[in-house]
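Subject: Structure for you to look at

Hello,

Here is the structure I said I would pass on. Please open it beside this message and follow along.

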Amino acid sequence: MKKLLCLLLCTPAVLLLFYGCSQDGLTSRVSEYRSAIYTAEADGASLTAFCSEREYPYAADGVPAETGEVFEVRASLPDNTLTYTLTFEAGGKTRGGEMNYDSVKQQFIFSESGCPDEESLNFTIAAEGEGAPVYTFKAERAQGGLALSDLLNKVSESGKDELQTFSGEKFNGEIYVRFMVQGENRYYYVGFIDRSGNCLAFLTDADTGEVLATKRP
C-alpha cells in the first residue's frame with residue numbers, strides 16, 4: 001500500500017494537481033488587485049480612473065489584510081490652484097464629490113467604495129467660481145483577458161526560480177496586481193512583497209500572462 005501511494009504521488013498528473021492547488025492559494029495573499037482602468041483626455045486635461053480590490057489600511061508590509069472595492073479617479077488639470085468637483089453617472093446614480101490635490105503627483109484625486117461596471121463613463125470636472133473651467137471626459141474601460149488565479153499561476157510558473165530564490169519553498173508575503181495601459185498595449189504588474197518590504201516584480205502581457213520583464217529586489 002505504501003509503495004502504491006508513493007507511485008501515485010510521483011506520477012506527473014498528480015504532481016501537477018498538487019502544484020496547481022498550491023498556486024491557486026496565492027490569490028488569498030493578494031492585497032491589491034487593480035482590474036480595470038478608464039482613461040480619457042479633453043481640453044489639455046487628462047483623466048484616469050481605477051477599479052481595485054485593495055486592503056485597508058494600505059501598507060506594503062508583506063502582510064495581506066481584508067480588502068474592499070475602491071474606485072479612484074485621478075485628473076491632471078491645467079490650473080492646480082482651483083478647487084474642483086467631480087460628477088459621473090454609474091449604476092443609475094449620480095456619484096462624485098470634491099477632489100483632493102496630490103502635490104507629489106500634481107494630480108486631483110477622488111475615491112470612493114464600489115466599482116462601476118459600465119464599458120464607458122462620462123465624467124465632468126468643474127471648478128468653483130463664475131466662469132471657471134469645466135472639463136468633460138468620455139472614458140473607455142480597459143481590462144486584461146486573464147482571471148486573477150490564471151495570471152498568478154502563469155507568473156508563478158514562469159518565475160518559479162526567481163520566486164524560490166526570493167522567498168524559499170513557500171511564499172508567505174503579500175501580492176500587488178495592477179492592470180496598466182500604455183498606448184495600445186495592456187500589461188499586468190505583479191509584485192511579490194515579503195515581510196521586510198522587499199519586492200520581486202514581474203511585468204506581464206495582460207492577455208496571455210507572458211512575463212516580459214522582471215525586477216529583482
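Below are some notes on a few strands and a charged patch.

Please keep in mind that this is a predicted model.

Start with strand β8, residues 120–127. Its covered face holds L121, F123, I125 and A127, while S120, N122, T124 and A126 make up the uncovered face.

Strand β8 has a partner in strand β4 (residues 84–90), and the two pair in the antiparallel sense over 5 bridges. Within this pairing, T85 has A126 as its bridge partner, and F88 stands opposite F123. Strand β4 also has two faces: Y84, L86, F88 and A90 are on the covered one, and T85, T87 and E89 on the uncovered one.

Strand β8 also pairs with β9 (residues 134–143), again antiparallel, over 7 bridges. Here S120 is opposite E140. These two strands form a hairpin with 6 residues between them, and G129 in the turn has a positive phi of about 110°.

Another hairpin joins β4 and β5, with 2 residues between them; G91 in that turn has a positive phi of about 60°. Strand β5 covers residues 93–98 and pairs with β4 in the antiparallel sense over 6 bridges. A90 has K93 as its bridge partner there.

Now the surface. Which residues gather in a patch of negative charge? They are E53, E69, D117, E119 and E140. D117 lies in the loop between β7 (107–113) and β8. Its relative accessible area is 66%, over the 50% cut-off, so D117 counts as exposed.

Regards

Methods:
Residues are numbered from 1 along each chain as its sequence is written. This is a predicted model: local features need pLDDT of at least 70, side-chain atom pairs count only at pLDDT 80 or more; totals for chains, interfaces and linings use all residues. Side-chain values use heavy atoms; hydrogens and water are left out. Buried means under 20% relative accessible area, exposed over 50%, partly exposed in between (1.4 Å probe, protein chains only). Helices (H or I, at least four residues) and strands (E, at least two) are DSSP runs, numbered from the N terminus. Two strands pair if DSSP finds at least two bridges between them. Patches are made of residues with over 30% relative accessible area and no salt bridge: like charges are joined within 9 Å, nonpolar side chains (Val, Leu, Ile, Met, Phe, Trp, Tyr) within 5 Å. Accessible areas come from the Shrake-Rupley method with a 1.4 Å probe; for residues, only the protein chains shown count as cover. A salt bridge is a side-chain nitrogen of Lys or Arg within 4 Å of a carboxyl oxygen of Asp or Glu. Lys and Arg count as positive and Asp and Glu as negative; His and the chain ends are not counted. The place of a charge is taken as NZ of Lys, CZ of Arg, CG of Asp or CD of Glu.
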